Each structure stands twice: as structure tokens, then as C-alpha cells.
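Visitor: I'd love a close look at one part of this model, the nonpolar core. Could you take me through that part and then on to what lies around and beyond it?

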Amino acid sequence: MRLPIVFVVVLFCISILIDWYILRDIKNQNYTRRKKAWRIGYCILSVISYGLLIAVVCIPVRDESSDILPVMWCLYSFLTILIPKMIYFICSLIGKLWRKIFGKDNNIGWHKRNYGAVVGFLAAVAIFVILWWGALFTRREIEVNKVTITSSRLPESFNGYKVVQFSDAHVGTWGEDTTFVAKLVDRINSLNPDVIVFTGDIVNRRTDELRPFLSVLSRLKAKDGVYSILGNHDYGDYIDWKNKADRTKNNELLARWEKEMGWHLLNNEHDFIKRGNDSIVMIGVENWGEPPFPAYGRLKDAYPTSKKSPDNLNDGKFKILLTHNPEHWNREVLNISNIDLSLAGHTHAMQMMVRLGGWTWSPSVFKYSRWGGLYQEKNPAGELMNLYVNIGSGEVGMPSRLLAAYPEITEITLKR
């Protein structure tokens with residue numbers, strides 16, 4: 001299966017229309033004599049972009065033997081050409097309409113210039129630089145965000161306990177280059193965590209993407225170890241397997257490799273972290289998917305629900321839940337439990353985020369009500385519950401992180 005043909009045809013038609021418009025703009029502009037050179041250069045750029053789109057169409061993306069990286073880079077490169085052209089097209093068209101409505105037909109020389117085209121050209125260059133800066137630099141710059149969670153249920157012996165979270169590593173996007181992942185591991189270890197948690201999506205599509213990174217990720221160290229869960233990309237659901245047995249082997253291999261790395265994978269399970277006679281609960285659910293993906297996560301299997309049991313979802317113990325998709329917190333966790341702290345990932349902030357002071361925005365808001373950072377809300381019993389959504393350290397789809405969407409590590413300090 002390849003990219004949807006309708007999607008490709010729409011991109012192609014849009015690109016052809018914009019190219020026709022821009023070539024006419026170059027021909028009609030009156031502020032340079034090198035029109036021919038500009039048109040030739042633009043045609044060469046367009047031919048390159050169409051070549052990239054053809055490559056995207058021809059490379060299969062769901063076959064077992066296919067590599068998704070060429071598709072990611074070809075599609076991204078095409079978009080880094082198309083999007084600036086679209087920006088120029090829109091600005092130039094607005095400039096022409098403005099001049100048509102408010103200008104004078106007898107203006108000559110400088111006064112006939114389409115200022116929208118000038119603004120569009122500068123904006124297009126800026127967008128092109130931002131897109132490639134995100135691919136070459138931003139996705140390699142790690143950001144540590146510090147959060148404090150306070151709860152009266154936290155035992156005194158855990159006061160000041162440090163949880164370090166990372167998520168959505170998508171190591172397959174780096175191929176066999178372990179440089180960034182090694183940097184990420186060193187940064188996490190430098191925080192001297194009491195426990196490390198990983199909230200899913202360690203690979204893109206196949207477990208064997210993890211092979212080059214096994215020794216690097218095995219270096220993660222914390223007093224109480226590393227706990228992990230699975231994300232939607234960890235089940236092999238993005239591949240059309242020839243038989244179900246291969247998918248099963250793929251998933252079993254991931255569980256085995258995480259164990260060999262020293263990680264404690266929680267598949268609808270829980271564990272107690274102890275300090276003397278005190279303890280807190282670490283709960284992990286499998287991916288709670290949204291259609292068309294299955295909901296493997298079962299919170300009621302991961303921790304007892306009956307209030308007759310001393311351990312239950314509304315008991316007096318301090319509980320941490322690892323759940324990949326933040327929608328799980330919205331739709332179930334908040335309504336049936338008093339879990340103090342839930343940790344999620346999944347959104348990536350769509351790998352694009354704007355930050356102005358303490359205000360942040362991401363296109364993720366159009367899909368997720370809680371897409372990044374700390375969220376606090378009371379459950380039906382009036383107890384305050386916390387959700388932290390980590391925007392991930394890796395990329396999938398586009399090999400880039402834009403503006404303030406830096407790879408994230410979260411340092412969470414628990415206070416009584």
C-alpha cells in the first residue's frame with residue numbers, strides 16, 4: 001500500500017497551479033532584468049520537487065521489507081518546497097487584489113510593484129529556513145522541563161522523589177545513527193533520577209529498528225530502574241504483515257529486548273516501589289487506541305477496581321499511571337479513579353509548537369484537548385488529579401521539529 005492516490009493528485013494539482021502563477025509573476029515583474037535566469041532556476045526547482053513526489057508515490061510504505069525513511073525524507077523535502085511556494089502565491093495574490101482595488105491604473109515604475117509579492121518572497125524564504133532548521137538542528141536540541149507534583153497521599157519517605165519521563169523515541173527515524181539517542185540517555189542519567197519512565201512508541205513500525213540502540217538504551221540508570229509501556233507504533237499495526245505469526249514474533253521480540261535492556265515493561269500491570277515500610281504504586285496500561293487502532297489498554301486489569309480490596313483504583317495510596325494516549329485520562333482515568341499522577345505522550349505536539357513567555361500553542365489543539373504539559377482536574381469525588389503529557393523526543397511522519405517543539409525530557413519531583 002502506498003500513499004493515498006487522491007492525496008498525491010491533490011498535491012500535484014496544487015503545485016502545478018502555483019508554478020503556473022509564479023512563472024507568470026516572474027515574467028511580468030518589472031524590478032529586475034534577469035527574468036530568464038529566475039525562470040530557469042524556478043523550473044529546475046519545480047522539476048526536483050516533482051521528482052520527490054514521484055518517489056513518494058513509487059516507494060511502498062506498508063510492506064514488511066520496506067523502509068519508511070526514504071518516504072519521510074522525500075515527502076518532507078517536497079513539502080519544504082511546496083509550502084513556501086504556497087505562501088508566496090497567497091501573498092502575491094492578495095497584493096494584486098489590493099492594488100486592483102486601491103491602486104491607480106496609471107501608476108508606473110516603483111509604484112506598480114506588487115508589494116504582496118515582495119512580502120511573499122521574504123516569507124517564503126523564512127518558512128523554508130524554519131522547516132530545514134527544524135530538520136537539521138531543533139530535533140537534536142533536548143529540553144528538560146521541571147514539574148513539581150504535591151499530594152497528601154505521598155509517604156514521607158518519598159518526599160522529594162524524582163521521576164524522569166521520556167516518550168515517543170521513534171528510534172527508527174535515526175536509522176543506525178545512535179548519536180542523538182546516546183545524548184538523550186546521558187542527559188537523563190545526569191538528572192540522577194529515582195525512577196525513569198518511558199511512555200511508549202520506542203519504534204516506528206518494526207521491532208528490529210531497535211537493534212542498533214539496545215546497548216545505548218541499556219545505559220539508562222535509576223535507583224528504582226526503568227518502567228515502560230507500549231505505544232501505538234510498538235504493535236506492528238503500521239505494516240501489512242503476510243501472516244499474523246510474523247506480527248506476533250515482532251511484538252514478542254520487543255518485550256524480550258526491553259527486558260534485556262533492564263526495563264520493566266508494564267502490560268496492564270502494576271508494581272510497588274518501596275522505601276522501608278512505605279510504597280507508591282506504578283501502574284502501566286497498554287496503548288489505549290483511538291479508531292482505527294484497537295484499545296489494548298485495560299486499566300481495570302492493571303489495578304483492582306473493587307473497593308473490597310485494600311488495593312484499588314480509589315485507595316489511599318499514591319499512584320502513578322503510565323498511559324500512552326492522553327485521551328485515556330480524559331475518557332476513563334479521570335472518571336473512575338483517584339490516580340494522583342498520569343504520564344502520557346503520543347501527541348508530539350504535532351512536532352510544531354509556538355512559545356511566547358508562558359503561553360504555548362500547537363496545531364495539536366485541533367485534535368487533543370490535552371496535548372502537552374501539566375493538566376490538573378478534579379475527579380467526581382472532588383480529588384485533584386494530575387496529567388503530564390510529554391511531547392516526545394523523536395519524530396515520525398516528518399523528520400523535523402519546528403520552532404519550540406524541542407525533544408523533551410520531563411523531571412518530575414514529588415512533594416508531600
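Guide: Happily! The largest nonpolar core has 35 residues, and those with the most contacts inside it are Val181, Ile202, Leu210, Leu217, Leu220 and Trp263. A nonpolar core here is a set of buried Ala, Val, Leu, Ile, Met, Phe, Trp, Tyr and Cys residues joined through side-chain atoms within 4.5 Å. Buried means under 20% relative accessible area, exposed means over 50%, and partly exposed is in between (1.4 Å probe, protein chains only). Before going on, please keep in mind that this is a predicted model: local features need pLDDT of at least 70, side-chain atom pairs count only at pLDDT 80 or more, and totals for chains, interfaces and linings use all residues. Residues are numbered from 1 along each chain as its sequence is written, and side-chain values use heavy atoms, with hydrogens and water left out.

Which elements build this core? Two or more residues each come from β2 (162–166), α5 (179–190), β3 (195–198), α6 (214–217), α7 (244–260) and β5 (263–265). The biggest share is that of α5, with six residues. Helices (H or I, at least four residues) and strands (E, at least two) are DSSP runs, numbered from the N terminus.

Let's zoom in on Leu210. Not counting residues up to four places away in sequence, Leu210 touches Val171, Ile202, Val203, Leu217, Leu254, Trp257 and Met261, where contact means heavy atoms within 4.5 Å. Apart from the core lies another one, of 24 residues, among them Tyr303, Val333, Val389 and Ile391. As a general point, in soluble globular proteins nonpolar side chains tend to be buried together.

From β2 we can step to its partner strand. β2 and β15 pair in the antiparallel sense over four bridges, with Lys162 opposite Thr413 in β15; two strands pair if DSSP finds at least two bridges between them. Strand β15 (residues 408–415) is mostly covered, seven of its eight residues being buried. β15 also pairs with strand β1 (residues 143–150), this time in the parallel sense and over eight bridges, and there Thr150 stands opposite Lys415.

Elsewhere, an open sheet of three strands runs in the order β11-β10-β14, with mixed pairing. β11 (359–361) and β14 stand at its edges with a single partner strand each, so one side of each has no neighbour in the sheet. Strand β10 (residues 352–356) and β11 are antiparallel over three bridges, and Arg355 has Thr360 in β11 as its bridge partner. In the loop between β11 and β12 (373–378) you will find Ser364, which counts as buried because its relative accessibility is 0%. Leaving aside neighbours within four places in sequence, Ser364 is in contact with Thr347, Ala349, Met350 and Trp371.

Strand β14 also leads us to a helix. The buried residues of α4 pack against α1 (5–28), α3 (68–102) and β14 (402–403). In α4, those buried residues are Gly116, Ala117, Gly120, Ala124, Leu131, Gly134 and Ala135. They cover an arc of only 110 degrees around the axis, so they are on the same side of α4; the arc is that of the directions from the helix axis to the C-beta atoms.
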